[in-house]
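Dear colleague,

I am handing over a structure that will be new to you, and below it I have set out what was found when going through it. Please read the notes with the model open beside them.

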Amino acid sequence: TIIGHDLGNHFNIIIGFSEVLLSSFRKLDEEKRETHLRNIHNSSKQAHDLLGNLLTWARLQRNAILFNPESFNVNDKIRELIIFHEEAALRKNILIDVFTRGEMVIKADINMFATVFRNLLANAIKFTPTDGEISISSKQKQDFCEIIVQDTGVGIPEENIEKIFRIDSNVSTKGTEGEKGTGLGLILCKEFIEKHGGEIWVESEVGKGSTFKFTIPIIGFK
């Protein structure tokens, strides 16, 4: 119900602004046209991301997602995935610092790992204001690799920290540009990480930012 309501809101925004453009295009000045188009674009992207996460989660509940762990260098994969988010960070002039070194080899499903990391980085960009900073690091922690995504964003209220990984909780925080979300991406992250025998958690302070951490079994380090 929560997810369906949010998905419906996105489509209502798209329909509403497109109707304004269709009926009053010639009457609107260039700035208002651009604003309406940007709202349509942002809502379309958010609806697309939400629908993608929803379909993935539904497949996971039906055990329709193959779990295919393989060995790979986690630091190489992190640097590869960051490239997909550089444009979004650049638009807000957000600096992404990467602190990874060595050949840390983990055994994980590459698609699941990518989903987790990209969700966390996308959220960090969404909730970090213009001219903010995101730092990404990895380190060995006993038999696990710990990946850390830290931002200087809006932070999470203490009463919501335990709720953000639960499907039965309606915790929705707007991004710094008004972006909305249901937190379904974080629920997917939790299920994917636990499938690997790892953990995911967050440390956060309102107004100062959030630090998301997750662990994956490690099989080698140089």
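To begin with a single residue: does His 196 count as buried or exposed? His 196 has a relative accessibility of 11%, and because buried means under 20%, His 196 counts as buried. Its place is the loop between α7 (184-195) and β6 (200-205), and, once neighbours within four places in sequence are left aside, His 196 is in contact with Phe 67, Lys 107, Ala 108, Asp 109, Met 112, Ile 216 and Pro 217.

Before going further, please keep in mind that this is a predicted model. The protein has 7 helices and 7 strands, which run from the N terminus in the order α-α-β-α-α-β-β-α-β-β-α-α-β-β. Of its 222 residues, 43% are buried, and the protein exposes about 12700 Å², of which carbon and sulfur atoms supply 51%. When contacts between residues at least 6 apart in sequence are considered, 74% of them join residues at least 24 apart.

The core

The largest nonpolar core has 42 residues, and those touching the most other members are Phe 113, Phe 117, Leu 120, Ile 134 and Phe 214. At least two residues of this core come from each of α3 (74-82), β3 (105-108), α5 (110-126), β4 (133-141), β5 (144-151), α7, β6 and β7 (209-220), with the largest share, 9 residues, supplied by α5.

Phe 113 deserves a look of its own, since leaving aside neighbours within four places in sequence, Phe 113 is in contact with Phe 72, Val 74, Lys 77, Ile 78, Leu 81, Ile 106, Ile 147, Phe 214 and Ile 216. Another residue of helix α5 to look at is Leu 121, which counts as buried at 0% relative accessibility. Beyond neighbours within four places in sequence, Leu 121 is in contact with Ile 82, His 85, Ile 96, Ile 134, Ile 136 and Val 149; of these partners, Ile 96 is 25 residues away in sequence, with 9.7 Å between the two C-alpha atoms.

Rings and charges

The count of aromatic pairs comes to 3. One of them is formed by Phe 72 and Phe 113, which meet edge-to-face, with 5.6 Å from centre to centre and 70° between the planes. This pair links distant parts of the chain, as Phe 72 belongs to strand β1 (residues 70-73) and Phe 113 to helix α5, 41 residues apart. Both Phe 72 and Phe 113 are buried, and together with Phe 214 they form one aromatic cluster.

Two arginines lie over aromatic rings as well. Arg 33 is found over the face of Phe 25, at 4.2 Å from the ring centre, while the charged end of Arg 118 sits over the ring of Phe 84, 4.5 Å from its centre.

Helix α7

How far apart are the end C-alpha atoms of α7? They are 17 Å apart, which agrees with the 16 Å that its 12 residues should span at 1.5 Å a residue. The buried residues of α7 are Leu 184, Gly 185, Leu 186, Ile 187, Leu 188, Cys 189, Phe 192 and Ile 193. Among them, Leu 186 has a relative accessible area of 7%, and, not counting residues up to four places away in sequence, Leu 186 touches Leu 120, Asn 123, Ile 164, Phe 165 and Phe 212. Leu 186 and Ile 164 are 22 residues apart in sequence, yet their C-alpha atoms are 6.9 Å apart in space. After α7 comes Gly 197, whose phi is positive, near 85°.

Positive phi outside glycine

Most residues other than glycine have a negative phi, and two loop residues are therefore worth checking by eye against that general statement. Asn 93, in the loop between α4 (86-91) and β2 (95-99), has a positive phi near 55°, and at 48% relative accessibility Asn 93 counts as partly exposed. Gln 142, in the loop between β4 and β5, has a positive phi of about 60° although it is not a glycine, and at 70% relative accessibility Gln 142 counts as exposed.

With kind regards

Key. Residues numbered from 1 in each chain as written. Predicted model: local features only at pLDDT ≥ 70, side-chain atom pairs only at ≥ 80, totals over all residues. Heavy atoms only, no water. Helix = DSSP H or I, 4+ residues; strand = E, 2+ residues; numbered from the N terminus. Buried < 20%, exposed > 50% of the residue type's maximum accessible area, 1.4 Å probe, protein only. Contact = heavy atoms within 4.5 Å. Areas by Shrake-Rupley, 256 points an atom, 1.4 Å probe, with all protein chains shown as cover. Core = buried A, V, L, I, M, F, W, Y, C linked by side-chain atoms within 4.5 Å. Phe/Tyr/Trp six-rings, centres within 6.5 Å; stacked < 30°, edge-to-face > 60°. Lys NZ or Arg CZ within 6 Å of the ring centre and 35° of its normal. Expected span 1.5 Å × (residues − 1).
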